[in-house]
Amino acid sequence: MMASSYNAKDEDGHITVSGPGGGTLKNKKPDNTAFKQQRLPAWQPILTAGTVLPAFFIIGLIFIPIGIGLYVTSNNIKELEIDYTGVDMSSPCFNCSQNFSWNSTRPCTCTIPFYLEQAFESNVFMYYGLSNFYQNHRRYVKSRDDSQLNGDIEALLNPSKECEPYARNENKPIAPCGAIANSMFNDTLELFYIDPNGTKIQIPLMKKGIAWWTDKHVKFRNPGGNNPNLTAVFQGTTKPVNWRKPVYELDTDSENNGFINEDFIVWMRTAALPTFRKLYRIIQKKNSMIPTLPRGNYTLEVVYNYPVGSFEGRKRMILSTISWMGGKNPFLGIAYITVGSICFFLGVVLLIIHHKYGNRNNSADITN
Amino acid sequence: MLRRRLNRLLGGDERRVDSRTIYVGHRPCPATEAFIPPKFCDNRIVSSKYTVWNFLPKNLFEQFRRIANFYFLIIFLVQVIVDTPTSPVTSGLPLFFVITVTAIKQGYEDWLRHKADNEVNKYLVTVLENGQKIRTESEKIKVGDVVEVKEDETFPCDLILLQSSRDDDTCFVTTASLDGESNHKTHYTVPDTEKDLESLNATIECEQPQPDLYKFVGRMHIYKKDQEPAVRSLGPENLLLKGATLKNTQKICGVAVYTGMETKMALNYQGKSQKRSAVEKSINAFLLVYLCILVSKALVCTTLKYVWQSEPGQDEPWYNQKTQREKDTNLYLKMFTDFLSFMVLFNFIIPVSMYVTVEMQKFLGSFFITWDKDFFDPEIQEGALVNTSDLNEELGQVEYVFTDKTGTLTQNNMEFIECCIDGFQYKYRDAGSELDGFCVTDGPVSKLQQKAGREKEELFLRALCLCHTVQVKESPGPGQGQADGLMDQVDGLGLGGEVLRPEEQRGFIASSPDEVALVKGAMRYGFTFLGLESKNMKILNRNNDVEMYELLHVLNFDPVRRRMSVIVRSKSGDTLLFCKGADSSIFPRVRPEEVDRIRMHVERNATEGYRTLCVAYKQLSAEEYAQADAGLREARLALQDREEKLMAVYNQVETGMSLIGATAVEDRLQEEAAETMEALQGAGMKVWVLTGDKMETAKSTCYACRLFQRNTELLELTVRTLEDGGRKREERLHELLLDYHKKAVQDAPPVKAGVTRSWSTANQDYGFIIDGATLSMVLNSSHDSNSSRYKSLFLQICQNCTAVLCCRMAPLQKAQIVKMVKNSKGGPITLSIGDGANDVSMILEAHVGIGIKGKEGRQAVRNSDYAIPKLKHLKKLLLAHGHLYYVRIAHLVQYFFYKNLCFILPQFLYQFFCGYSQQPLYDAAYLTMYNICFTSMPILAYSLLEQHICIEVLLDNATLYREIAKNAMLRWRPFFYWTVLGVFHGLLFFFGVRYLFSNPALQDNGQVFGNWSYGTIVFTVLVFTVTLKLALDTRHWTWINHFVIWGSLAFYVFFSFFWGGIIWPFLRQQRLYFVFANMLSSVSAWLVIILLILLSLLPDILLVVFRKPRGPNARQKPVESSMGGPQSPRSSARPLLMRTFSDESNTVI
């Protein structure tokens, strides 16, 4: 309980209104309202050790279990990270990363084998991660045209000048314009399970449900409404400079093509930090009996299109399960445990101080 | 300002000439060869600052001289010119708003000044021109014009009196609005001027205008046909000052000598300069610190940006190409624009909205003063008035109070209290018994002990009736006293109410109100002074017989002798000398055995704060009289050293008298004057009384107000003490100053810094008394080195005295003193309070000027910052309102800086993670709305309503005022604390979320958050933390606080949903689309928000807990609780309120 009191100061009310001649010149006399006389009834809480002490203990007692819960949850999340940049000579993708050229028509593929020591029981989420990639650079962040992405025909043909220098190419408007779209991640990642008897089984990767629902259904719209013929809709525009194919060929599924392609939408949500991960695919659990990804050998097949060597970036593939708190992150658990402990500790310290102080205070009262 | 204007008007060459020649009526004089009408300034008074034409540029210039406004202008211009992360609207709009509001306010104020000026300047006066009376506007009067003024009119300019309607060539004037002396002064026409002003041919040579009201030197040359020009000397007694009022004289004619801004009144009026409060100075200092922080942040970022970019692949990676224009820009220019961009990005650290909020707080807050019903005075049916709202918080910082005496400390209403005849005390009974007292023929004097002999009684009363210079006002209209509101001077006996006979309805006019009181006192006891008729004084005695006394000589009062005498001859032929004066000047001149009987009464009366006078008489033998008469006549005619010679004769005559009795007159103090003064001193303020009045009077008032206590040792530095030694004044001054300095400063035990302001220490209290003449010696000593030395000595002495009394001050001297203290070491905050026009200059000079809505006109009120009806209201104004306003605004300022620091710090830190690209962390809407909507209302409500200690407690405990003394809440220490807190919060917000985002997959569906989510989480934590931090600091939760604090948070949530819920067609980027909602769908985000808010508030909670026992409430408690009984109405609330560490925790464990 807070030490408090309702100080009803307006109790003297309207008693003092009367005065010599008060009636005749009422308008000049200040109103005797609680507000104008600064006598509004007020709650006057005083934080004292008495009120704070239990609060500290309570906070401590609440936070520590939450922290432990979080920590355990985070630890239970299984995560596997594979760097496939190919910087080392030994890396399977070394060749691809070295021989990269924008104009090559033949895709370079590399295969990275890995061993999964623990089975991933629930749904597995596949992320790609980039490092040292400044998606949050101001020039980059603003280089997009949201009205174009929202299906505005006018903006489709006249991209905003924020998209410069990726607004037009060869006098044709770029769709989608801007640096973000232009630099869309275009590596293809495929996952294969190597059966104990050597057969390669491709693991089905789901590409829906990776973008925010609102983005997919409201914020990003193809121009021309529901016209399924995207080729016609995007007539008169050109593909972004670094893209291999135009936007209307991103996917065969018309629900996932054009601006509402989920890979595209995910990429367009600029990351907060230069090292980031983005959701790539989801591996759905099919059978409650068998783990989604059983223990064993796997290979990751990468169509290596995305150059990161020029800015010393790294590319990763991350497989992770997800809990109610999201991906694996021990920070929250540790922080909660720490803060809870601090509160508890402070509570103890306060208690000790209070005992000493309380005694002194009492004696002071007596002398008075 | 006026000085400057004056100098300009006078021009260089005229300044050198130290006299001016005036041609009366602009008539050329035969003596001068050529009549060149000299150029003087016209009679226009200008107090306004702007004209229609120069308002805009001048006002804008003045506003942009303010460091903050200029800064925002620069930021705005940068945003317009350079490609910056935020739009120019974000800073342009608030700036425009602030500038416009201020300009309108100042324009309105100046318009009011114009109106007031016009009222004075367009006032119609009568000018005699070629024998005709011409009505013209006051501003058209030129030097040399002959002006006619009627009774009760004020003089439109400084005039030399030429003609009066009175027979004796005199006129009466009251200078109440100039120097506060409300008595009637007699002024004389220039002798030997012709009755016919038309034919008067004369020139006046006089000194250049100077502000001293009591000094004037001039000569008048009167030219008559075929005669040598006659020369008459002119003195202050011939000069009628602008602003003074003609009294008791039908009309006068005078020639204008000083006009307009050169009149003594205008010279004593100081331009109303913009007053800045100490808080504003603190704000400016903090602003500089923040400006430095800002610039260094921008510099750091710019430097790091170019360091970072120099690494290969960082400046322009393939995915993030620059436009052609960017590539072409010169490197150094780019660096510079980058620097400016960072400035703009971080400019929110210096909040525009703070100025708006501070202004609003001051403006709205000042209403509480006008609304306060405690300031309402039923007599004048008015409450307090606030002229400037800029200084509310200054009321809580006052260290020196300069108060006027007449009308401020006292009611300027003398009343005869008691007398002592031959050692027996006679107290006049009031009200009910009054009539009886008059009827009893035996003796109207109610006796307390025994009665003196009837003869002695009558002698005493006769003395009272004769020994004065009072005149009976002719034809006093019934009730006129009340009508012109000057009952104290022209007292129609209306006060008593039970006036019996019509002839008693007479008014008395005197140069000193206590003379009137004495005459009226005598009248109550049956001796009525009927007036002076051709050198005969008529007295109506108890038996209703008229006694006649021939007035032979009046030995005038002067402050050095401190007594006056009259020599009269009674019907029976006896020549009598009656003398009255201060005890100290009478006692040595009477027989000692008489003294002892009366001394006791006198001393008792003096300690009660009455003005005491002793009355003595002496019968002169024929020879004695003849000798005295001869001596007096000779001395009066002397041309040289007249004063000294007269004095010698006076001293010679006034010896060997016998003491008859003593009187006690009370100058009624204002209600609760003593209590108020005590409270002020208790609050650590030093009270100085600055008065134009006589020293004795002022001293007794000081005693009555308990400014001087009985054990206070008085250090006197007046003309009298200077002349005691018989040496040169300068030397004596030097000696006395050193002596006093030794006493008061050096010998005083060194006090610790914390206790310097305590006044009731065990050691000796000192009171200091100085008069105007001595002060001017101190301030304008002939040697420059001495002057500054004297000044510092004087200041040091004064600062060590509990109370200082300065008497005989000219208005400008009052201002000088205020200025001197104001500019002394440490720059203490000064407050002047006064009610008359003579106080205007000091009201304007002090940091805070308070006008009392008194009797002496409205000038003080008009020029004051605050006006209150009564002195007693000062206590609440300072102790309650001032204290609260200070605490509120100090907290407001600190909080504003704090909340913007922790607002912008994450944005700064974010630069390290976004390649120093000036990427804002928060969305533009949040950047703009943060200070305007999300966090402004709670602090505004706090700064209007907070009462960390309730008003009653503040009023009861004056000492609480000391806790905020010397700008305690805005010094560097608290500022440092708030800054550290802001930095701590900023770091916590940023890095807390940073570590959360080490894995941006924060939703249970594996989807990731981007940079805007990052910013939104930080911003949410920020808004909640700063609001809850304020909630922690709020001690006084009214429903408004609740509404505003919880309302702001709710509004933030609502706004975020709303802002993120719609695709806004006018936005180029839908950055926040559903960001907030998605954030709330993430458990991790919730957890981190809660954690960070709690962690941020933890230090504050701890601090509050640890600091509490030392707080004012806690200290308050033992005192209150020990008092117990009488405090019962509040004691029910108190213990709860004052609960401290110990008794509260018992309930917990």
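**A disulfide in chain A**

Is the disulfide of Cys93(A) and Cys110(A) right-handed or left-handed, and what is the torsion about its S-S bond? The torsion is about 85°, so the disulfide is right-handed. The structure discussed here is a predicted model.

The two sulfur atoms of Cys93(A) and Cys110(A) are 2.0 Å apart. Cys93(A) is found in the loop between strand S3 (79-83) and helix H2 (94-98) of chain A, while Cys110(A) belongs to strand S4 (residues 108-116) of chain A, so the bond ties together parts that are 17 residues apart in sequence. Over all chains, the count comes to 3 disulfides.

**Annotated transmembrane regions**

For chain A, an unreviewed UniProt entry gives the feature "transmembrane region" at residues 46-72 and at residues 331-353. In the model, residues 46-72 of chain A are 89% helix and 0% strand. The C-alpha atoms at the two ends of this span lie 39 Å apart.

Residues 331-353 of chain A are 100% helix, with 0% strand. Here the end C-alpha atoms are separated by 32 Å.

**The interface of chains A and B**

How many residues of chain B are in contact with chain A? The number is 115, and on the other side 112 residues of chain A take part. The area buried between the two chains is about 9,800 Å², and carbon and sulfur atoms give 61% of it.

Polar interactions are also found across this interface. There are 35 residue pairs in polar contact, counting pairs in which both residues have pLDDT 80 or more. The count of salt bridges between chain B and chain A is 2. One of them links Arg139(A) with Glu326(B), whose closest N and O atoms are 3.7 Å apart.

On the side of chain B that touches chain A, helix H38 (residues 1083-1107) of chain B provides the largest share, with 14 residues. The residues of this side of chain B comprise 58 nonpolar, 38 polar and 19 charged.

**The surroundings of Lys36(A)**

Lys36(A) is placed in the loop between strand S1 (6-7) and strand S2 (42-43) of chain A. Which residues does Lys36(A) contact, leaving aside its neighbours within four places in sequence? They are Asp31(A), Phe368(B) and Trp371(B). Thus Lys36(A) is in contact with residues of both chain A and chain B.

With Asp31(A), the side chain of Lys36(A) makes a polar contact of 3.0 Å. Another pair of positions shows a wide separation in sequence: Lys36(A) and Phe331(A) are 295 residues apart along the chain, and their C-alpha atoms are 51 Å apart in space. Phe331(A) stands at the start of the second annotated span, residues 331-353.

**Backbone features in the loops of chain A**

Two cis peptide bonds may be described here, each leading into a proline. The bond between Glu164(A) and Pro165(A) is cis, with omega about 0°. Pro165(A) lies in the loop between helix H5 (153-157) and strand S6 (168-169) of chain A. The bond from Ala175(A) to Pro176(A) is likewise cis, and its omega is near -10°. Pro176(A) is in the loop between strand S7 (172-173) and helix H6 (179-182) of chain A.

What is the phi value of Glu170(A)? Phi is near 50°, which is positive although Glu170(A) is a residue other than glycine. Glu170(A) is located in the loop between S6 and S7 of chain A.

Terms used. Residues numbered from 1 in each chain as written. Chains lettered and ligands numbered in written order. Predicted model: local features only at pLDDT ≥ 70, side-chain atom pairs only at ≥ 80, totals over all residues. Heavy atoms only, no water. UniProt positions renumbered as here; feature names shortened; annotations may be inferred. Helix = DSSP H or I, 4+ residues; strand = E, 2+ residues; numbered from the N terminus. Contact = heavy atoms within 4.5 Å. Buried area = accessible area lost by both parts, 1.4 Å probe. Salt bridge = Lys/Arg side-chain N within 4 Å of Asp/Glu carboxyl O. Polar contact = N/O pair within 3.5 Å; in protein donor to acceptor, adjacent residues only side chain to side chain. Nonpolar A, V, L, I, M, F, W, Y, C, P; charged D, E, K, R; others polar. Disulfide = S-S within 2.5 Å.
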